[in-house]
Amino acid sequence: MRIVDARVIVTCPGRNFVTLKLVTDAGLTGVGDATLNGRELAVAAYLGEHVAPVLRGRDPARIEDTWQLLYQGAYWRRGPVTMSAIAAVDTALWDLKGKVAGLPVYQLLGGRSRDGVTVYGHAAGETVDEALTDVARLVDAGYRAVRVQTAVPGLSNTYGVSADARTYEPAGSVPETTWSTPRYLTHVPSVLAKVRAEFGPELRLLHDVHHRLTPIEAAGLGRALEPYGLTWLEDPVPAELPEGFRLIRRHTTTPLAVGEVFNSIWDCRQLITEQLIDYVRTSVVHAGGITHLRRIFDLAALYHVRSGSHGATDLSPVCLAAALHVDLSIPNFGLQEYMPHTAETDAVFPHTYSYADGYLHPSEEPGLGVDIDEELAARYPYRPAALPVNRLEDGTVHSW
Ligand code: GCO
Ligand code: MG
């Protein structure tokens, strides 16, 4: 079998997605997500100009060899653009292999290690009362784990709280946000205290700091949150400096989750091998596809680190479908983030994974069980959009 076509499809059913579709001479197709929020066209060009010509004529069965060819063979390694492009190819090849074998991809990865994939949902509110109502909505829908974010009094446009936060995070809608670490640190423990008091000890609670603190500030927050038994505190500091996590670890037992912006095993190596984190949040699309993600999770398993893959709505249903096959099969699964896509997006990406009672279940169809409706996709042309920029109250640029 040979690859005869590699199509890069950019579509905007509410937000932008980049998808790679591989076509073989046997008429089989495979899909992979290549979406890099706010930088979509960079990956589309990388795939279209530099990768698609290499793929045409290749044997789709050679997944590992193709991965190495695109990684080692590029000389310029790693980085979000390259690794998202490699991810799309890798994901599409696994999809094809499943279709050739007549098996869902999780069977090719070793079969089920569990009955379903436990997910966490997003609860948010401008006020704490609104957030409590939103947590109740998720609990009623069966969720066992909930991430809680609220606006910070005195700041407008807090991360994770915009009106469309549940469906779309937020490229283009809020070009600039304002941040104050003292206001945030004063507010957030009281929010988690109220949620824990209202919902009891069993609901798993998470909170995302979105890379905004320094290690000593994060250490203090982790300690302040200890009474509320968080499942994880996410991205407490920018993770370019893994050594910084030693300082956080010295002061708090609140578990840490990091890695949604990581692209390779090298980005998380030190955090994992020094046991500085508890969950690694790398995703199929941004960390080199199913092949490389499994390598990361295997390393993590040696060090008692579990998976907690990124799953915001800027990762397409193709990525979510692929994530579920990985999640179901690995031994050290932790949690999977789940933000349902809009009906518009779901229509462009027909899929057969399903949610029930706090769990997602991947498709039993051969391959990944997801596709892109190219005709419908063409009706939603690309719309330029950028992620917000964050500034302190005095105007200094700060991590968003
Ligand atoms: C999360 C992430 C997202 C990112 C978004 C960026 O935990 O889900 O932090 O909210 O901000 O995916 O594109
Ligand atoms: Mg996050």
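Strands E1 (residues 3-11) and E2 pair in the antiparallel sense over eight bridges, where pairing takes at least two DSSP bridges between two strands. Helices (H or I, at least four residues) and strands (E, at least two) are DSSP runs numbered from the N terminus. This is a predicted model, in which local features need pLDDT of at least 70 and side-chain atom pairs count only at pLDDT 80 or more, while totals for chains, interfaces and linings use all residues. Residues are numbered from 1 along each chain as its sequence is written, and chains are lettered from A and ligands numbered from 1 in the order in which they are written.

**The whole chain**

- The secondary structure adds up to 13 helices and 16 strands.
- The radius of gyration is 20 Å, which agrees with the value near 21 Å for a compact globule of 400 residues; the radius is taken over C-alpha atoms, and the globule rule is 2.2 Å times the number of residues to the power 0.38.
- Along the principal axes, the C-alpha atoms fill a box of roughly 60 × 45 × 40 Å.
- Of the 400 residues, 50% are buried. The burial call counts other C-beta atoms within 10 Å of a residue's own (placed from the backbone): 20 or more is buried, 12 or fewer is exposed, and in between is partly exposed.
- Take the contacts between residues at least 6 apart in sequence, and 72% of them join residues at least 24 apart. A contact here means that the C-beta atoms, placed from the backbone, lie within 7 Å.

**Two domains and the side where they touch**

- The domain assignment splits the chain into domain 1 (3-103) and domain 2 (108-366), with bounds that come from an automatic or database assignment.
- Their C-alpha centres lie 26 Å apart.
- Across the boundary, 32 residues of domain 1 are in contact with 26 residues of domain 2.
- On the domain 1 side, strand E2 (17-24), strand E3 (29-33), helix H2 (63-71) and helix H3 (80-101) each supply at least two residues. H3 has the largest share of that side, at twelve residues.
- By type, that side of domain 1 divides into 13 nonpolar, twelve polar and seven charged residues. For this tally, Ala, Val, Leu, Ile, Met, Phe, Trp, Tyr, Cys and Pro are nonpolar, Asp, Glu, Lys and Arg are charged, and the others, Gly among them, are polar.

**The largest nonpolar core**

- This core has 113 residues, and Leu20, Leu47, Val89 and Ile277 touch the most other members. A nonpolar core is a set of buried Ala, Val, Leu, Ile, Met, Phe, Trp, Tyr and Cys residues joined through C-beta atoms within 7 Å.
- H3 gives the most to the core, with ten residues.
- Both domain 1 and domain 2 contribute residues, so the core lies between them.
- Leaving out residues up to four places away in sequence, Val89 touches Leu20, Gly32, Val51, Leu55, Thr66 and Leu70.

**Strand pairings**

- Back at E1 and E2, Ile9 has Thr19 in E2 as its bridge partner.
- The two strands make a hairpin with five residues between them, and Gly14 in the turn has a positive phi of about 100°.
- Elsewhere, three strands form an open, mixed sheet in the order E6-E15-E16. Its edges are E6 (176-179) and E16 (397-398), each pairing on one side only.
- E6 and E15 (residues 389-392) run parallel and are joined by four bridges, with Thr177 standing opposite Asn390 in E15.

**Loop residues to look at**

- Most residues other than glycine have a negative phi.
- Tyr75, in the loop between H2 and H3, has a positive phi of about 65° although it is not a glycine. Tyr75 counts as exposed, with 6 C-beta neighbours inside 10 Å.
- His304 also isn't a glycine, and its phi is positive, near 60°. His304 sits in the loop between helix H10 (289-302) and strand E11 (306-307) and is exposed, with 10 other C-beta atoms within 10 Å.
- Arg383 is in the loop between helix H13 (374-378) and E15, and is exposed, with 12 other C-beta atoms within 10 Å.
- Arg383 and Cys12 are 371 residues apart in sequence, yet 6.6 Å apart in space, C-alpha to C-alpha. Setting aside neighbours within four places in sequence, Arg383 is in contact with Cys12 and Asn16.

Terms used
Two residues are in contact if their C-beta atoms, placed from the backbone, lie within 7 Å.
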